Structures are given as C-alpha cells and as structure tokens.
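Biologist: I would like to go through this structure with you, one topic at a time. Could we begin with how the strands are arranged?

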Amino acid sequence: MKRFSLLLCYLFLLWSCSDNDDSLDSVAACGVDNVVEDLSWLRAEIERREESSTEDLKYCYITIAEIEGGSFFIYRDCNPLVDKACCPIYDCAGNLQSFDKLAEVSGERIIWKTRDFACTLN
C-alpha cells in the first residue's frame, strides 16, 4: 500500500509540473491592465487562432516586448520546418509596424500560446 501511495504522489507531481502551462500571467501595458483581455483587436486575433484547426498553429505564439520605449506585439512562429526571416509586429492600436524594429527588442515575454504548444523556448 505504501508503494502504491508513493506511486500516486509521483504521478501527481509529474502531471502537475507540466512545462506546457496554459496559464500565462496578465500583462499591463498600452494603458490597460490586461492586454489579452482589454485590447479588442488582440483578443479577436487570439480568438481567431483558437478557433483555427490548422496543424501549424501548435508552433505559433504571441509575445509583448519593449521596442524604442513602447510596447509592441510580435507574432512568433517556432516551426522547425519553416525559415522565417521576420515576424509581424503590431503597436498598441493594432497597426502593423516595420520589420526593422525587431532588432531592438527587449523584455520580450509570451502572452499567448496554444494549449498543445509544440516548442521549447529558452
């Protein structure tokens, strides 16, 4: 019985320590408390992605970062079979920005990823 209890504890620890945590912290930026919930254009993009059933979606994620003193959203892709030179970057109003800003990124963090996210990021 003691071994069975230890086995259950071990299995519970493995299950609860998944590195694919779907609960991402809310991020305050762009004059709102939670960018994912409060920016309608970003929420619409996330909902569109969550309703999609493409196999490639498991490689997609969205980050927020500081670029030239402002907050910007970067649509990232970590598909090992795709060689992307750049990613779309949006400002707080949802306007597409120039790709040259990607070189000046700091403080980047993930604000959205799929439940079945397939990449390991450092």
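Modeller: Let us start with one residue pair: T63 stands opposite I74 in β2. Please keep in mind that this is a predicted model.

Biologist: In which sense do β1 and β2 pair, and over how many bridges?

Modeller: The pairing of β1 with β2 is antiparallel and extends over eight bridges. The two strands form a hairpin, with two residues between them. In that turn, E68 has a positive phi of about 50°.

Biologist: And which residue of β3 does I74 stand opposite?

Modeller: That residue is I89. β2 and β3 run antiparallel and are joined by two bridges.

Biologist: How many residues of β2 are buried?

Modeller: Seven of the eight residues in β2 are buried, so the strand is mostly covered, where buried means under 20% relative accessible area.

Biologist: Let us turn to the nonpolar core. Which residues of the largest one touch the most other members?

Modeller: This core has 16 residues, and those touching the most other members are V35, L42, I62, I64, F73 and I111. At least two residues come from each of α2, α3 (40-51), β1 (60-67), β2 and β4. The most is given by β1, with three residues.

Biologist: What does L42 touch, leaving aside its neighbours within four places in sequence?

Modeller: L42 is then in contact with V35, V36, I62, F73 and I111. Apart from the largest core lies another core, of six residues, including I67, F72, I74 and C87. As general background, nonpolar side chains in soluble globular proteins tend to be buried together.

Biologist: Is C87 buried or exposed?

Modeller: C87 counts as buried, at 9% relative accessibility.

Biologist: Since we have reached the cysteines, how many disulfides does the structure hold?

Modeller: It holds two disulfides. One joins C30 to C92, with an S to S distance of 1.9 Å. The link of C30 and C92 is left-handed, with -65° about the S-S bond.

Biologist: Why does this pair tie together parts that are 62 residues apart in sequence?

Modeller: The reason is where the two cysteines lie: C30 is in the loop between α1 (2-16) and α2 (35-38), whereas C92 is in the loop between β3 (89-90) and β4 (105-113). C30 is partly exposed, with a relative accessible area of 26%. C92 is likewise partly exposed, at 26% relative accessibility.

Biologist: And which cysteines does the other disulfide join?

Modeller: C78 and C119 are joined, again with S to S at 1.9 Å. The torsion about their S-S bond is about 95°, so this disulfide is right-handed. The pair links distant parts of the chain, 41 residues apart: C78 lies in the loop between β2 (70-77) and β3, and C119 in the segment after β4. C78 is buried, with a relative accessible area of 19%, and C119 is buried too, at 15%.

Biologist: What pattern do the disulfides follow?

Modeller: Counting bonded cysteines along the chain, the pattern is 1-3, 2-4. C60 is in no disulfide; its nearest cysteine sulfur is that of C78, 7.7 Å away. C60 counts as buried, at 14% relative accessibility.

Biologist: Now a charged residue: where is D91 placed?

Modeller: D91 lies in the loop between β3 and β4. D91 is buried, with a relative accessible area of 16%. A polar atom of the D91 side chain lies 3.0 Å from the backbone nitrogen of A93. Not counting residues up to four places away in sequence, D91 touches W41, S71, F72, F73 and Q97.

Biologist: Finally, how many salt bridges does the structure hold?

Modeller: There are seven salt bridges. One of them joins the side chains of R43 and E50, at 3.7 Å from N to O. R43 counts as buried at 18% relative accessibility, whereas E50 counts as partly exposed at 44%.

Biologist: Which others can you describe?

Modeller: R48 and E45 meet in a salt bridge at 2.6 Å, N to O. Both lie in helix α3, three residues apart, about one turn of the helix. Another salt bridge brings together E55 and K58 at 2.7 Å, N to O. E55 counts as exposed, at 56% relative accessibility. In addition, E37, R43, E47 and E50 are joined into one network by salt bridges that share partners.

Note on methods. Residues numbered from 1 in each chain as written. Predicted model: local features only at pLDDT ≥ 70, side-chain atom pairs only at ≥ 80, totals over all residues. Heavy atoms only, no water. Disulfide = S-S within 2.5 Å. Helix = DSSP H or I, 4+ residues; strand = E, 2+ residues; numbered from the N terminus. Buried < 20%, exposed > 50% of the residue type's maximum accessible area, 1.4 Å probe, protein only. Core = buried A, V, L, I, M, F, W, Y, C linked by side-chain atoms within 4.5 Å. Contact = heavy atoms within 4.5 Å. Pairing = 2+ DSSP bridges. Polar contact = N/O pair within 3.5 Å; in protein donor to acceptor, adjacent residues only side chain to side chain. Salt bridge = Lys/Arg side-chain N within 4 Å of Asp/Glu carboxyl O.
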